[in-house]
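Subject: Structure handover

Hello,

Here is the structure I promised to pass on. Please open it first, then read my notes below.

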Amino acid sequence: MAVRLAGGLLAATLLAGCTTGQQGAPDRESAAGEAAPAAPACEQLPERPAEADQLPALTLPCLGPGPDVALDRLTGRPTLVNLWATWCGPCREEMPLLQDAHARHGEQIRFLGVDVQDDPEAARSFLAELGVGYPHAVDADGELLRELGGRGLPITLAVDAEGRVLEQVMGQLSAEELERLTDTLLSSDSPGGS
């Protein structure tokens, strides 16, 4: 009870951004033994050697069905990675923008959400409620967040088709910022792009 109260107070006081502080293990069933709502499936990714400007060599469990997600294997097409949590108000506010961008650009750009230090059941319910149609991985311990040097959420990364991080945006995205990121990713995948 005290942990929930502390978590609620933390979330309520972080209006401008979210800092980490909650942890949850990827539990696919509720405490009552009921199956939690399904999240979109993760895809199997190819192996690739490490480079300095790519995501860390971390493998995170998929929030929905499907294989674990090896972040350093996000290649083959541009990827937008968004670190978020249900206890983060700005994360919740930007999620519909991300879903709209996925609906428009999901054929050209891979979208991947990373649910950080959160209750996976709450995350699955939130995604189902909004009708989010792209896969999400679970960073229960905040390892990716630490590797990126982030102290709060949300964080959004633009990753090109070669797996290189082109841009990292800390904080809540506006519609204009998200459009700029998707344009960057689309141009990186075209002939003459980076």
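Let me start with the contacts. Of the contacts in the protein with a separation of 6 or more, 73% are between residues 24 or more positions apart. Please keep in mind that this is a predicted model.

Next, the overall make-up. The protein has 194 residues, and 47% of them are buried. Its secondary structure comes to five helices and nine strands. Along the sequence, these follow the pattern α-β-β-β-β-α-β-α-β-α-β-β-β-α.

The sheet

Five strands make up an open sheet. Their order is β6-β5-β4-β8-β9, and the pairing is mixed. The edges are β6 (136–139) and β9 (165–170). Each has a single partner strand, so one side of each is left without a neighbour in the sheet. From one strand to the next, the twist averages 20 degrees.

Two pairings show the mix. β4 and β5 run parallel, joined by six bridges. In that pair, Leu80 stands opposite Phe111 of β5. Strand β8 (residues 155–159) and β9 run antiparallel, with five bridges between them. Here Ile155 stands opposite Met170 of β9.

What packs on the sheet? Helix α2 does, touching β4 (79–84), β5 (110–116), β6 and β8. The direction of α2 makes about 165 degrees with that of β4. Helix α3 also lies across the sheet strands β4, β5 and β6. α3 runs at about 125 degrees to β4.

Strand β5

Look at β5 next. How many of its residues are buried? The count is seven of seven, so to speak of β5 as mostly covered is fair. In a regular strand, side chains alternate between the two faces of the sheet. Both faces of β5 are covered. On one side, Arg110, Leu112, Val114 and Val116 are buried. On the other, Phe111, Gly113 and Asp115 are buried. Note that the buried set includes Arg110 and Asp115.

The helix pairs

Two packed helices are described by the angle between their axes and the distance between the axes. I have two pairs for you, and α2 takes part in both.

The first pair is helix α2 (residues 89–105) with helix α3 (residues 120–130). They pack at an angle of about 40 degrees. Their axes are 11 Å apart. α2 and α3 are therefore oblique to each other. Their crossing is right-handed. From α2, the contact uses Arg92, Met95 and Pro96. From α3, it uses Phe126, Leu127 and Leu130. Five of the contact residues are nonpolar, none is polar and one is charged.

The second pair is α2 with helix α5 (residues 175–188). The angle is about 35 degrees, and the axes are 11 Å apart. The crossing of α2 and α5 is right-handed. On α2, the contact residues are Leu97, Leu98, Ala101 and His105. On α5, they are Ala175, Leu178, Thr182 and Leu186. This contact between α2 and α5 divides into six nonpolar residues, two polar and no charged.

Where to look

If time is short, view α2 first. It packs on the sheet, and it also packs with α3 and with α5. Then turn to β5, with both faces covered. End with the sheet edges, β6 and β9.

Best wishes

How values were computed. Residues are numbered from 1 along each chain as its sequence is written. This is a predicted model: local features need pLDDT of at least 70, side-chain atom pairs count only at pLDDT 80 or more; totals for chains, interfaces and linings use all residues. Side-chain values use heavy atoms; hydrogens and water are left out. Axes are lines fitted to C-alpha atoms, for helices over the stretch in contact, and angles run from 0 to 180 degrees between N-to-C directions. Helices (H or I, at least four residues) and strands (E, at least two) are DSSP runs, numbered from the N terminus. Angles under 35 degrees count as roughly parallel, over 145 as roughly antiparallel, 65 to 115 as roughly perpendicular and the rest as oblique. A crossing is left-handed if the near helix is turned anticlockwise from the far one by less than a right angle, and right-handed if clockwise. Contact means heavy atoms within 4.5 Å. Ala, Val, Leu, Ile, Met, Phe, Trp, Tyr, Cys and Pro count as nonpolar, Asp, Glu, Lys and Arg as charged, and the others, Gly among them, as polar. Two strands pair if DSSP finds at least two bridges between them. Buried means under 20% relative accessible area, exposed over 50%, partly exposed in between (1.4 Å probe, protein chains only).
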